[in-house]
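Biologist: Hi, could you walk me through this protein? I'm new to this, so plain words please.

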Amino acid sequence: MSRADARVGLGTSFVLRLLLGEPVAQARQAVAQLNPMRGANQRGAVSDLVAGETYFALHHHYEVPKQLALEKIRQFLESPEIIALGESLNILQQSNLGRAKPDFFDRMIHAEYLRHTSAMVSFEKAAATLPGVRIPK
């Protein structure tokens, strides 16, 4: 089995069911999907887009406070049966991220750009605190 075969991408709705436990029937199905993966040495893979969308849903739709939402996602991504495919876990391990400027989303955008480009341009002054960011004057 190749490395990619040992990973199964998890969608946002699937991750939300695991984190929230609701709706109950779907949450049980999600857990039931993970159990055989453990036995087959498979890991659930979570992209930065799914991590970001999960954060947005937890905070805006389910009204989970920012810091708590970020902590729930970080703990989930640190689970042994889960692998974070991008930079979201590294970003989530930063302290006080719930109050940070730039915020979680902006830091993920920045990390993605720096993986593929030499710099980032933004009008957000808080972004200037990140390496490789230029603010037009």
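Modeller: Sure, starting with some terms: axes are lines fitted to C-alpha atoms, for helices over the stretch in contact, and angles run from 0 to 180 degrees between N-to-C directions. Helices (H or I, at least four residues) are DSSP runs, numbered from the N terminus. This is a predicted model, where local features need pLDDT of at least 70, side-chain atom pairs count only at pLDDT 80 or more, and totals for chains, interfaces and linings use all residues. Residues are numbered from 1 along each chain as its sequence is written, and side-chain values use heavy atoms, with hydrogens and water left out.

Biologist: OK, at what angle do α1 and α2 pack?

Modeller: About 105°, and their axes are 8 Å apart. α1 and α2 are therefore roughly perpendicular to each other (that label covers 65 to 115 degrees).

Biologist: Which residues make the contact?

Modeller: Contact means heavy atoms within 4.5 Å. α1 brings Phe-14, Arg-17 and Leu-18, while the α2 residues include Ala-27, Val-31 and Leu-34.

Biologist: New topic: how many residues has the largest nonpolar core?

Modeller: It has 26. Such a core is a set of buried Ala, Val, Leu, Ile, Met, Phe, Trp, Tyr and Cys residues joined through side-chain atoms within 4.5 Å. Val-46 is among those with the most contacts inside it, and Val-46 touches Leu-10, Phe-76 and Ile-83, among others further than four places away in sequence.

Biologist: And Asp-48, buried or exposed?

Modeller: Buried, with a relative accessible area of 13% (buried means under 20%, exposed over 50%, partly exposed in between, with a 1.4 Å probe and protein chains only). Asp-48 lies in helix α3, and leaving aside neighbours within four places in sequence, its contacts include Met-108 and Arg-115.

Notes:
Helix = DSSP H or I, 4+ residues; strand = E, 2+ residues; numbered from the N terminus. Parallel < 35°, antiparallel > 145°, perpendicular 65-115°, else oblique.
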